[in-house]
Amino acid sequence: MLSLGFALLLLTAWSCKKSAAEGEKPILLVSIEPQRKMLEELAEPYYSVVTLLPPGSNPETFEPTVAQRMRAAKSQAYFPIGYLPFEEAFSATFEGKAPVIDTAAGIELLSDTHSHGDHDHAVADPHIWSSLRNGKIMAQNMAAALAQLDSVHAQEYRERSAQLSARLDSLDAVAAQAASGAQAFAVWHPSLSYFARDYGLKQIAVGQESKEVSIKELKRIIEEAREDSVRVFFFQREYDSRQADNLNQEIGSRLVVIDPLAYDWDTELIRIADELSR
Ligand SMILES: [Zn+2]
């Protein structure tokens, strides 16, 4: 009993100390986990990076709660993806309080990859982070913003940015090599449009969110996938569809679960490319 009490006391002391130390650091806010990794590689140890989107949430339907807005108000800058539905209204709340950084500046956008119901105009595909090449641009934009926010360490941010760019370039070469044997892949939600563009692949999107797909549409997709000799069918954990299993059998592909919102977004893209090489 005594030792347990002592251990608890130690643990409490340690966690208090830890949170006090963290509390001293200014906070940078990002929308999703892949951005947190990019920004941490550049901004640590000077800043703490906080992700707005809670684990397991869908960025295309997410709405920040009042508590999340209040916590977000304490950050020194906000780094949105730029094209997620909740971001425009959320970014407006920072006006006059903290800078909102255009993380996607310079990225060539794709549109018309998603059918989001009532829109009939071209909508930019928000999944810009599903590309090592886009990730490099995003990181460079982040580093430029950091150099302005904290000019004392500007040189350090520039050096880190150069290192990160070089790292992403070499990962990109690895992914390009791995993906070079494939022509097309199937995916439940079209979250890999930029990845497909980078490596000259055809993305065959099978579903939208968790909605069921009509029999006629399914037949067309299966035919297309067979014609393009699709070997891999990527599926996202957050969607629940029994259709995916059946479809996968019809196509004769291999079902691979992916996590496009993983913190380790870069190694996840390498894994996706690697699955295409097998
Ligand atoms: Zn999407």
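These are my notebook entries on a predicted model, taken element by element.

**Entry 1. The chain as a whole.**
I began with the totals. The secondary structure comes to 10 helices and seven strands. Of the 278 residues, 37% count as buried. I then looked at contacts between residues at least 6 apart in sequence, and 58% of these join residues at least 24 apart.

**Entry 2. Helix α6.**
I looked up α6, which runs over residues 154-179 and has 26 residues. From its first C-alpha to its last it reaches 37 Å, close to the 38 Å expected at 1.5 Å a residue. Which residues of α6 are buried? I noted Tyr 157, Ser 161, Leu 164, Leu 168, Asp 172, Ala 175 and Ala 179. For reading that list I kept one rule in mind: an α-helix has 3.6 residues a turn, so residues three or four places apart point the same way. I next asked what the buried residues of α6 pack against. The partners are α2 (33-43), α5 (132-149) and α10 (265-277).

**Entry 3. α6 against α10.**
I took the pair α6 and α10 next. Their axes come within 7 Å and cross at roughly 20 degrees. Angles under 35 degrees count as roughly parallel, so α6 is roughly parallel to α10. I recorded the crossing of α6 and α10 as left-handed. On the α6 side, the residues that meet α10 are Leu 168, Leu 171, Val 174, Ala 175, Ala 178 and Ala 179. On the α10 side they are Asp 266, Leu 269, Ile 270, Ala 273, Asp 274, Leu 276 and Ser 277. By class, the residues of this contact divide into 10 nonpolar, one polar and two charged. Leu 168, Ala 175 and Ala 179 of α6 are on the buried list and also take part in the contact with α10.

**Entry 4. α2 against α5.**
I then turned to two of the partners of α6, namely α2 and α5. The axes of α2 and α5 come within 10 Å and cross at roughly 45 degrees. The two helices are therefore oblique to each other. The crossing of α2 and α5 is right-handed. From α2, Met 38, Leu 39, Leu 42 and Ala 43 take part in the contact. From α5, Gly 135, Met 138, Ala 139, Met 142, Ala 143 and Leu 146 meet them. I noted nine nonpolar, one polar and no charged residues in this contact.

**Entry 5. Phe 79.**
Phe 79 is in strand β3 (residues 77-79). Is Phe 79 buried or exposed? I entered Phe 79 as buried, because 27 other C-beta atoms lie within 10 Å and the cut-off is 20 or more. Leaving out residues up to four places away in sequence, Phe 79 touches Leu 28, Leu 29, Val 30, Gln 35, Leu 39, Ile 101, Thr 103 and Met 142. Two of these, Leu 39 in α2 and Met 142 in α5, I had already listed in the contact of α2 with α5. I also checked Ile 32, which is 47 residues from Phe 79 in sequence and 9.5 Å from Phe 79 in space, C-alpha to C-alpha.

**Entry 6. Backbone geometry.**
I kept the usual case beside me: most residues other than glycine have a negative phi, and most peptide bonds are trans. The peptide bond from Glu 44 to Pro 45 is cis, with omega near 5 degrees. Pro 45 lies in the loop between α2 and β2 (48-51). Phi of Ser 229 is near 40 degrees, a positive value in a residue other than glycine. I placed Ser 229 in the loop between α8 (215-227) and β6 (232-236). Ser 229 has 12 other C-beta atoms within 10 Å and is exposed.

**Entry 7. Glu 60.**
I closed with Glu 60, in the loop between β2 and α3 (66-72). With 16 C-beta neighbours inside 10 Å, Glu 60 counts as partly exposed. Setting aside neighbours within four places in sequence, I found Glu 60 in contact with Leu 84 and Pro 85. Glu 60 and Glu 87 are 27 residues apart in sequence and 10.0 Å apart in space, C-alpha to C-alpha.

Technical notes. Residues are numbered from 1 along each chain as its sequence is written. This is a predicted model: local features need pLDDT of at least 70, side-chain atom pairs count only at pLDDT 80 or more; totals for chains, interfaces and linings use all residues. Helices (H or I, at least four residues) and strands (E, at least two) are DSSP runs, numbered from the N terminus. The expected span of a helix is 1.5 Å times one less than its number of residues. Two residues are in contact if their C-beta atoms, placed from the backbone, lie within 7 Å. Axes are lines fitted to C-alpha atoms, for helices over the stretch in contact, and angles run from 0 to 180 degrees between N-to-C directions. Angles under 35 degrees count as roughly parallel, over 145 as roughly antiparallel, 65 to 115 as roughly perpendicular and the rest as oblique. A crossing is left-handed if the near helix is turned anticlockwise from the far one by less than a right angle, and right-handed if clockwise. Ala, Val, Leu, Ile, Met, Phe, Trp, Tyr, Cys and Pro count as nonpolar, Asp, Glu, Lys and Arg as charged, and the others, Gly among them, as polar.
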